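Reader: I've just opened this one and I'm finding my feet. Could you walk me through how the chains fit together?

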Amino acid sequence: MAGSRPLKRRELSSGVNPPAEKENQTGRPMVKYSHVSKAFGKLKVLRDINLDIEKNEIVAVIGPSGSGKTTLIRMLMTLEKPSSGTIEVDGELLWHERKNGKLVPASEGHLRKVRRKVGMVFQQFNLFPHMKILRNVTEAPLHVLGLPREEAEARAVEMLEKVGLGDKLDAYPAQLSGGQQQRVAIARALVMRPQVMLFDEVTSALDPELVGEVLAVLREIAAEGDMTMIIVTHEMDFAREVADRILFLDGGVIVEEGPPQAIFNNPRHKRTREFLSRFCNSPMTPAAI
Amino acid sequence: MAPIIVGNTILWDWEYAVQIFPTLLAALKITIGATLLGFALACILGLPLAFGRRSACRPLTLLTGGLVEFVRSTPLLAQLFFIYWGLAEFLGVTMSAFTAGVTGLGIHYAAYLSEVYRAGIDAVPRGQWEAATALGFSALRTWTNIILPQAIPPVLPVMGNYLIGMFKDTPMLSAITVVELLQTAKIIGTRSFRFVEPFTIVGLLFLLLSYLSSLGVARLEARFKRGSA
Amino acid sequence: MSKIHPPFDLLPPLWRGVGITLQLTILAAVLAVLTSFVIGFARLARYRLLRVLATLYVEIFRGTSVLVQLFWVYYVLPFFNLKLTAMQAGILVLGLNYGAYGSEIVRSSILAIPKHQTEAGIALNMTPNQIMARIILPQALLLMLPPFGNLFIELLKGTALVSLITLSDLMFQGTLMRTSTLRSFEVFSLVLILYFLLAYPITLAVRAWEKKLSQGRA
């Protein structure tokens with residue numbers, strides 16, 4: 001495990017982005033949300049989100065259900081389209097293209113190109129049930145990256161061993177426990193070598209005794225320090241331990257953000273305090289609200 | 001064997017039955033051929049229809065939906081007549097009765113299979129589509145490697161039942177002059193003035209083959225139920 | 001492609017056929033419903049013999065095609081001194097055949113009523129007949145309507161086959177006109193449209209009923 005991160009004191013008002021603290025080649029953020037809003041019909045799920053995430057930064061997003069935190073990262077994975085605003089990944093616009101100096105909605109080809117920089121692990125794992133574990137992990141490298149079979153398999157085996165499932169290559173998803181399936185899902189996403197990894201409540205669907213093995217994998221990825229991670233989670237202890245920055249979302253806005261010990265020990269806003277008080281600083285994670 | 005006689009009527013003439021059996025078996029081949037070709041056509045045509053009904057383009061969904069509804073609401077026999085005599089006259093082409101028959105069976109059952117495909121595709125969990133998007137799969141790959149392999153196996157038993165249904169519908173082809181099993185029996189019967197043996201044998205042949213096939217379908221269904229989680 | 005005026009002149013003879021088609025459909029449907037209940041209940045009977053016989057009935061009728069059965073009744077029975085008209089043969093075969101399918105609907109609808117309904121009846125000291133008549137059947141009948149509606153449409157389509165044993169229904173009129181007018185395309189297009197107009201309202205009614213069922217009770 002790498003050494004613990006230096007504690008950083010930052011501005012605590014939302015919307016103001018912290019100066020780049022980690023090694024950053026270009027100085028530009030890895031992910032940038034500019035005035036992003038999302039409404040489903042009449043329901044406003046996200047309101048004017050402005051957010052910069054630095055390269056290799058680890059951000060944990062917390063908040064009550066319905067706060068929009070899942071929608072926030074789904075838009076980055078191109079699973080939901082923003083109603084307004086722009087999202088940039090590594091300097092490139094995601095949902096838009098610049099044509100003749102104007103912003104136009106992105107074509108499918110452009111979406112696919114930028115999407116490659118992002119990977120996601122889902123709450124329900126979403127493994128392909130009709131494929132063995134090895135094939136689950138090699139399928140995308142083979143058919144999306146166009147890698148030759150030996151290389152795809154080598155990468156897949158390496159990644160599966162890294163998550164501790166090197167001996168399950170020939171099994172089907174249904175034969176594995178929830179924790180094992182989720183670890184395969186993580187391997188499947190990582191093997192594509194994205195620049196940003198999104199984790200959507202990846203332990204919420206697991207039995208309590210299986211949560212630890214998945215969090216251990218996340219911890220290891222975080223410790224390696226070369227992956228930008230956005231983790232939507234209810235696991236407060238985990239977030240406190242692993243994240244560089246905590247985002248508290250409620251009612252579609254970023255109510256408060258800051259380093260873990262600032263948010264958890266000294267929350268500024270009333271809503272943050274109310275939300276955190278439900279967790280009572282206990283090591284037990286409450287069921288999803 | 002002596003014929004079975006009741007009163008003044010011959011109930012069953014064994015000698016005659018044995019005599020006509022080979023001819024009927026030969027005609028059975030035409031029936032089976034029409035069934036298999038018609039079903040292959042239906043399987044193939046059903047897919048674009050299913051895609052059409054699920055598409056985002058509204059005129060397309062309405063068009064294919066209307067087409068499927070129309071085909072399912074009208075008798076196969078009428079459709080066969082329409083294709084063999086009506087379309088041929090309209091387009092100015094002549095097609096063989098067998099071709100018209102197979103086409104009619106194919107189109108009719110494609111409408112039913114499109115519904116079956118649709119149900120199978122809709123049953124694939126949404127998360128599978130999202131995982132495919134997240135990993136960057138193209139639309140084509142998503143269909144061929146992820147969605148269809150999960151959509152089709154559960155509906156194979158239903159497709160099997162439609163195959164059996166098509167087999168039992170083939171006698172209709174006799175109405176557009178295809179000399180299949182039933183027509184052959186009718187010809188034999190008309191020639192010898194005895195219909196009991198030909199039609200009963202035909203009935204038994206249909207019964208036997210459909211029953212065996214339905215056992216096969218039941219086993220397919222059981223195997224799928226056992227194999228899935 | 002040269003004729004643009006709609007072929008309304010072809011309608012009158014076809015219309016006569018529609019009348020026969022409807023007559024056959026309704027009469028066969030009555031027989032089918034009766035058969036469905038008789039066989040359906042037989043398949044649920046306490047006595048094994050009844051269940052076996054009923055299952056045999058269903059397997060035989062479902063395993064052979066309607067046309068073969070029609071031909072058998074129309075051409076073979078006369079040899080045993082039982083000569084039926086085309087209409088009678090049609091009603092008999094269609095009624096018994098679709099009754100076999102209908103028996104499945106009756107059986108599965110009755111089985112779909114949850115066991116605790118029966119148990120409630122027992123707790124109230126009702127006899128088995130009372131339980132069936134007052135509790136199970138009324139609920140099961142509602143469930144049966146959509147599949148019976150669909151079966152009715154299938155029956156309507158099945159009547160076309162009786163034209164092949166010379167019943168002067170809509171299909172038969174169509175084939176007559178093919179040879180008399182040589183306007184096959186228009187004739188058979190009209191035939192298809194007429195069948196569609198007969199069947200589609202029933203389809204809509206079935207869908208509306210299914211929707212109503214799933215809303216109120218789920």
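Reader: How far apart are the closest C-alpha atoms of chain A and chain C?

Author: This is a predicted model, so take what follows as a reading of a prediction. In it, no contact joins chain A and chain C. Their closest C-alpha atoms lie apart by 24 Å.

Reader: Okay, then which chains share the most contacts?

Author: There are two pairs of chains that touch. In one, 24 residues of chain A are in contact with 17 residues of chain B. In the other, 40 residues of chain C meet 40 residues of chain B. The pair with the most contacts is chains B and C.

Reader: Which three residues of chain C supply the most of the area it buries against chain B?

Author: Chain C and chain B bury about 3600 Å² between them, with 75% of it on carbon and sulfur atoms. On the side of chain C, three residues supply 19% of the buried area, more than any other three. They are F79(C), F185(C) and L192(C).

Reader: Which residues form a salt bridge between chain C and chain B?

Author: Across this interface the rule finds one salt bridge. Its closest N and O atoms are 2.8 Å apart, which is inside the 4 Å cut-off. Besides that, there are ten residue pairs in polar contact between the two chains, counting pairs with both residues at pLDDT 80 or more. The salt-bridge partners are E69(B) and R207(C).

Reader: And which element gives the largest share of the side of chain C that touches chain B?

Author: Five elements of chain C give two or more residues here: α2 (48–63), α3 (66–76), α6 (128–158), α7 (170–181) and α8 (184–217). By class, this side divides into 25 nonpolar, eight polar and seven charged residues. The largest share is 13 residues, and it comes from α8(C).

Reader: Over to the other pair. Which three residues of chain A supply the most of the area it buries against chain B?

Author: The area buried between chain A and chain B is about 1700 Å², and carbon and sulfur atoms give 62% of that. On the side of chain A, three residues supply 28% of the buried area, more than any other three. Those are F128(A), H130(A) and H143(A).

Reader: Which side chains meet in a salt bridge between chain A and chain B?

Author: The rule finds one salt bridge across this interface too. The N to O distance is 2.6 Å. The side chains are those of E130(B) and R74(A).

Reader: Which element of chain A gives the largest share of the side that touches chain B?

Author: The elements giving two or more residues are α2 (108–115), β8 (118–121), α3 (133–143) and α5 (178–190) of chain A. This side has 14 nonpolar, four polar and six charged residues. The largest share is four residues, from α3(A).

Reader: What about chain A by itself: how many helices and strands does it have?

Author: Of its 289 residues, 55% count as buried. Among contacts between residues at least 6 apart in sequence, 65% join residues at least 24 apart. As for elements, chain A has nine helices and twelve strands.

Reader: Last one: where in chain A is the pLDDT below 50?

Author: The mean pLDDT of chain A is 86, and 88% of its residues reach 70 or more. Where pLDDT is low, the predicted coordinates should not be read in detail. The stretches below 50 include residues 1–24 and residues 282–289.

Notes:
Residues are numbered from 1 along each chain as its sequence is written. Chains are lettered from A and ligands numbered from 1 in the order in which they are written. Side-chain values use heavy atoms; hydrogens and water are left out. pLDDT is the predictor's confidence in each residue, from 0 to 100. Contact means heavy atoms within 4.5 Å. Buried area is the accessible area (1.4 Å probe) that two parts lose on being put together, summed over both. A polar contact is a pair of N or O atoms within 3.5 Å; within protein, one must be able to donate a hydrogen and the other to accept it, and residues adjacent in sequence count only if both atoms are side-chain atoms. Ala, Val, Leu, Ile, Met, Phe, Trp, Tyr, Cys and Pro count as nonpolar, Asp, Glu, Lys and Arg as charged, and the others, Gly among them, as polar. Buried means under 20% relative accessible area, exposed over 50%, partly exposed in between (1.4 Å probe, protein chains only).
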